[in-house]
Amino acid sequence: AQNRTFTMIKPDAFSAGNTGAILKMIEEAGFRIVAAKVTKLTAERAGQFYEVHKERPFYNDLCEYMSSGAIMALILEKDNAVADFRTLIGATNPAEAAEGTVRKLFAKSIEANAIHGSDSDENAQLEGSFFFSKDEEF
Ligand code: CMP
């Protein structure tokens, strides 16, 4: 079934000028862009977005990093969107990401790993609504 996922092009990839190349990969893989914006998180808002990780040792660094520069947030639509998008982006750690994946091509480190992809339909919905109102989705 057609469903939706949420993604962010993270500060490392955005500031390196890799946004266009990543969007090309996303569209060529058959995803339709439903919503998109360039924005910047405060450390506090990054903390809210990554609330589920707040007990993890990397949480403070992650919030600092995710608020260090502009990002691009998008909602994407495709059959099997959540799982297929995670295949397209590859493993969290770029050292373990498959050839040809977004993270293999563009990630700098396990933290500055170029891109986010929701891990479930429920989180895709929650994360999308964190950035977009319904009238910004097409
Ligand atoms: P993401 O898939 O957006 O979700 C959580 C983020 O935390 C992850 O991408 C990385 O940016 C970061 N992250 C995950 N694991 C680690 C780790 N072991 N060390 C540092 N950052 C991590």
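Two residues are in contact here if their C-beta atoms, placed from the backbone, lie within 7 Å. With that understood, I will begin with P94 in this model, which is predicted.

P94 sits in the loop between α5 (81-89) and α6 (102-106). Apart from residues within four places of it in sequence, its contacts are R103, K104, A107 and N113. Is P94 buried or exposed? P94 has 20 C-beta neighbours inside 10 Å, and therefore counts as buried. T5 lies 89 residues from P94 along the chain, and their C-alpha atoms are separated by 21 Å.

One of the contacts of P94, N113, also belongs to the set of residues that surround the ligand. The others in that set are H53, F58, L62, T92, I110, E111 and H116. Sorted by class, this shell holds three nonpolar residues, four polar residues and one charged residue.

Let me turn to H116, which is part of that shell. An unreviewed UniProt entry places the feature "active site" at this residue. In the model, H116 is found in strand β4, which covers residues 115-117. Why does H116 count as buried? The reason is that H116 has 21 C-beta neighbours inside 10 Å, and a residue is buried if 20 or more other C-beta atoms lie within that distance of its own. When neighbours within four places in sequence are left aside, H116 contacts T7, M8 and K10.

Next, the interior. The largest nonpolar core comprises 32 residues. Those with the most contacts inside this core are I9, A13, I22, L76, F85, V102 and I115. As an example, V102 touches I22, M25, L88, I89, G90, A114 and I115, with residues up to four places away in sequence not counted.

Helix α7 deserves separate mention. This helix spans residues 121-131, and A124, E127, G128 and F131 are buried within it. These four cover an arc of only 100 degrees around the axis, so they lie on the same side of α7. An α-helix has 3.6 residues a turn, and residues three or four places apart therefore point the same way. The elements that cover the buried residues of α7 include β1 (2-9), β2 (32-39), β3 (71-79) and α5.

Finally, the chain as a domain. The unreviewed UniProt entry assigns residues 2-137 the feature "domain: Nucleoside diphosphate kinase-like". Over these residues the chain is 40% helix and 21% strand. The C-alpha atoms at the two ends of this stretch are 15 Å apart.

How values were computed: Residues are numbered from 1 along each chain as its sequence is written. This is a predicted model: local features need pLDDT of at least 70, side-chain atom pairs count only at pLDDT 80 or more; totals for chains, interfaces and linings use all residues. A residue is near a molecule or strand if its C-beta atom, placed from the backbone, lies within 6 Å of it. Ala, Val, Leu, Ile, Met, Phe, Trp, Tyr, Cys and Pro count as nonpolar, Asp, Glu, Lys and Arg as charged, and the others, Gly among them, as polar. UniProt positions are given in the numbering used here, feature names are shortened, and annotations may be inferred rather than shown by experiment. A nonpolar core is a set of buried Ala, Val, Leu, Ile, Met, Phe, Trp, Tyr and Cys residues joined through C-beta atoms within 7 Å. A residue is buried if 20 or more other C-beta atoms lie within 10 Å of its own, exposed if 12 or fewer, and partly exposed in between; C-beta atoms are placed from the backbone. The arc is that of the directions from the helix axis to the C-beta atoms.
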